[in-house]
Protein chains: 2
Amino acid sequence: MGIVVQKYGGSSVADAAGIKRVAQRIVNTKKAGNDVVVVVSAMGDTTDELRDLAEQVSPLPPPRELDMLLTAGERISMALVAMAIEQLGYKAQSFTGSQAGVITTAEHGKAKILGIKPGRIEHAIEEGAIAIVAGFQGVSQQTKDVTTLGRGASDTTAVALAAALGADFCEIYSDVDGVFTADPRIVPSARKLDKVSYEEMLEMAASGAKILHLRCVEYARRYNMPVHVRSSFSTKEGTWILPASSTENEGTMEQAIISGVAHDSSQAKITVVGVPDKIGEAARIFESLAETGVNIDMVVQNVSAAATGRTDISFTLPKEDGQVAMSALAKLESAIGYERLLFADTIGKVSVIGAGMRSFPGITAKFFAALAGSGINIDMISTSEIRISVIVSDADLVNAVQAAHTAFGLDADEVEAVVYGGTGR
Amino acid sequence: MGIVVQKYGGSSVADAAGIKRVAQRIVNTKKAGNDVVVVVSAMGDTTDELRDLAEQVSPLPPPRELDMLLTAGERISMALVAMAIEQLGYKAQSFTGSQAGVITTAEHGKAKILGIKPGRIEHAIEEGAIAIVAGFQGVSQQTKDVTTLGRGASDTTAVALAAALGADFCEIYSDVDGVFTADPRIVPSARKLDKVSYEEMLEMAASGAKILHLRCVEYARRYNMPVHVRSSFSTKEGTWILPASSTENEGTMEQAIISGVAHDSSQAKITVVGVPDKIGEAARIFESLAETGVNIDMVVQNVSAAATGRTDISFTLPKEDGQVAMSALAKLESAIGYERLLFADTIGKVSVIGAGMRSFPGITAKFFAALAGSGINIDMISTSEIRISVIVSDADLVNAVQAAHTAFGLDADEVEAVVYGGTGR
């Protein structure tokens, strides 16, 4: 009998009716002859409500206590899901992250999974029960304190648990039908993808597609765990995330070159103007940023102007890290002797992603031509083997996504009736 | 440096403002030179709201999962209290029942504390932190599952923890000012008691006074732990619960004979009419009731009528156990051959309690005379060494309490401004 791990997001278990619907779906999977392990998020907006409560009490809550607080959310939903399953006549037992053996680092709020020791889960399965596991949480190996893995990390719990249990596959349920060629809220003609490779999904996640957590996809790739992203509000097949071999060698001659267009409006840009063009200056800048824990994305350095011997260095970073990065750079002013700092948060990133671009030249030209055709100026460029990203003005973001989507032939013939109301996590 | 254990009820931590107020009080106790360990209940009506959620999902939720669900309540309040304390510049760490070493039996929903291994609490204190502990919960020694101790049992957690830590005393905070000579909601002239003995408090708790949980008082007596019952909404002294030696040998000649009048309207009465007066019949009745787990309080057996050789057996029990008890007795009908069963839930119990009655005769006569003087009929009587309880019609309950309160000279000269809004737990 195979093991299936299912993960249900907050929107799927938002109220008693949702919990009963999810319980029925879980029981159906069990009836079909599978051992079932379920990972749940907190109900609806519970996590945000708990954060609000914390803020009312303390503007900067201590991370250990914030984790203790937030983990109450999954505790509630997992117990209710277990009750609803037992009400349908099947055995169920809920487990906290700690009880499920989710061992993590001690960094509260952004702990990393070190490993999973699913002894109690395996025991529950052996006894014929359905195991319900709290997503998003674990226990620190070092301090024995309760930790959380960071926003949206229930997906990661599910895939890591699936790998530890040797599950057949992992289903990620939310309120969206799957992975689309673009965000259907801004590209109505976006199509649902039936399959996408781990590598493409990684690039999409890194490029702003919120459908799956980056670390979750990394885990899936590392352990070769098939992931099925689908809606808990319908029985339609969603999108399978699979090894590249399974998505490419399909006998279909017309493999799409580009799988999707992702966008990200959460970034800002900092430009250090007039950096002396000496060896080691750029390193100094990025070392000092690294010390602050700021997450740098794209970096561009212009060719230095021969006349001045100076150059400009631009990079993008999450908007919320802007303040910290600007302070760190300001401290370097006299040491480096740059001219000035520029901060812009009116930017957007558009990325086209596709494993097919490896073997097709001219993708970059086609992408840039599409943008030019829509009168859109490109500010920065970065590429990987299967992705091209550009920074444009945030005012041009939607137009840029649509232009790229059309240029690469991704528009559906008819617009599907899409339910797309957020990430559901 | 002495250790003080404080327990705050749900009404004291009902919202962010309440939590901040409680945090300030905790910090003041720390500043005064004490090591402080705090036990908290869930915020306001959280536990009831979680129960409602469970009921929406399942009419008979599995006890293990119900405990998992309900324990989320204290997890939320304890983390918030810890945050509020840190915000005031003091170190604080919260601990679940399991982390605090509260080891219990495996009976979900009504587990009993087997012992406390407060290693992590002691470590936190040694590091100068204030430890915040979830009330009402523990971990089963046998199954390693999370358990709850039953309604209102956070008081018990606090006193048991105080005993395990060798605390100087234990403060129980709620929204009432202390223990009164009667419920001020029905006897406006009730007075707050400065001191009461463990034995008297036990009798009061058993007789319907909701101010403290019975098991909590038992623990306090067993470990000789002084308990201070007081309001978190004022700085007034409350009521100290102490060994009888400290409450009686005060040098005051005029030790009150009666400490208080308690009442209980939560009971029902069952009468088994026409039981053959043979040896073993009563035992059979109460054995079968014991098997159902019904909690019998008062029992009265009439002298059997010589003519019929039959007798009537009446007993009281919690109203909610009425159905179960009646079914159990109905099954015995042919075996015992009683005539019929009567069920009455329109009764009330009034008890006068006082260690002084040991050495003063005539208390019973005075009590009954007071009731007779108010035209109140007595249905059943039961006594202990320091308590006299009677069952009256529920319509007479308030009058009976007031008559007894006046008869034993308990009325205050002036009516105190009393805040009395429930048990606060």
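Reader: How many of the residues of strand β11 (residues 227-231) of chain A are buried?

Author: In this predicted model, strand β11 of chain A is mostly covered, with 5 of its 5 residues buried. The general idea is that in a regular strand the side chains alternate between the two faces of the sheet. In the present case, A:Val227, A:Val229 and A:Ser231 lie on one side of β11(A), A:His228 and A:Arg230 lie on the other, and all are buried. Both faces of the strand are therefore covered, as buried here denotes under 20% relative accessible area.

Reader: Which strands pair with β11(A), and in which sense, parallel or antiparallel?

Author: Strand β9 (residues 169-174) of chain A runs parallel to β11(A) and is joined to it by 5 bridges. Strand β12 (residues 239-242) of chain A pairs with β11(A) in the antiparallel sense, over 3 bridges. A:Val227 serves as a reference point: A:Cys170 stands opposite A:Val227, and in β12(A) the bridge partner of A:Val227 is A:Ile241.

Reader: How should the order β15-β16-β14-β17 of chain A be read?

Author: This order describes an open sheet of 4 strands with antiparallel pairing. β15 (299-301) and β17 (340-344) of chain A stand at the edges; each has a single partner strand, so one side of each is left without a neighbour in the sheet. Neighbouring strands of this sheet are turned by 15° against each other on average, direction ignored. At the edge formed by β15(A), 3 bridges join that strand to the antiparallel strand β16 (residues 310-318) of chain A. One residue pair can be located directly: A:Gln301 has A:Ile313 in β16(A) as its bridge partner.

Reader: Which helix packs on this sheet?

Author: Helix α10 (residues 281-291) of chain A does so, touching β14 (267-276), β15 and β16 of chain A. The direction of helix α10 makes about 20° with that of β16(A).

Reader: How many salt bridges are there over all chains, and which parts does the pair A:Arg387 and A:Glu203 tie together?

Author: A salt bridge is counted when a side-chain nitrogen of Lys or Arg is within 4 Å of a carboxyl oxygen of Asp or Glu. By this rule there are 28 over all chains. The side chains of A:Arg387 and A:Glu203 form one of them, at 2.5 Å from N to O. A:Arg387 lies in strand β20 (residues 387-393) and A:Glu203 in helix α7 (residues 198-206) of chain A, so the pair ties together parts that are 184 residues apart in sequence. A:Arg387 is buried at 13% relative accessible area, and A:Glu203 is buried at 16%.

Reader: Is B:Lys269 buried or exposed, and where does its partner B:Asp379 lie?

Author: B:Lys269 is buried, with a relative accessible area of 13%, whereas B:Asp379 is partly exposed at 38%. Their side chains meet in a salt bridge of 2.6 Å, N to O. B:Lys269 belongs to strand β14 (residues 267-276) of chain B, while B:Asp379 lies in the loop between α13 (363-373) and β19 (380-384) of chain B, 110 residues apart. Salt bridges may also share partners: A:Arg64, A:Glu65, A:Asp145 and B:Arg120 are joined in this way into one network.

Reader: What turn lays chain A on chain B?

Author: A turn of 180°, with a shift of 0.1 Å along the axis, lays chain A on chain B with an RMSD of 0.1 Å. The two copies are thus related as by a two-fold rotation axis. In chain A, the C-alpha of A:Ala72 is nearest the axis, 2.5 Å from it. Of the interface residues of chain A, 100% are also interface residues in chain B, so the copies meet through the same surface.

Key:
Residues numbered from 1 in each chain as written. Chains lettered and ligands numbered in written order. Predicted model: local features only at pLDDT ≥ 70, side-chain atom pairs only at ≥ 80, totals over all residues. Heavy atoms only, no water. Helix = DSSP H or I, 4+ residues; strand = E, 2+ residues; numbered from the N terminus. Buried < 20%, exposed > 50% of the residue type's maximum accessible area, 1.4 Å probe, protein only. Pairing = 2+ DSSP bridges. Axes fitted to C-alpha atoms, helices over the stretch in contact; angles between N-to-C directions. Contact = heavy atoms within 4.5 Å. Least-squares fit on C-alpha atoms with pLDDT ≥ 70 in both.
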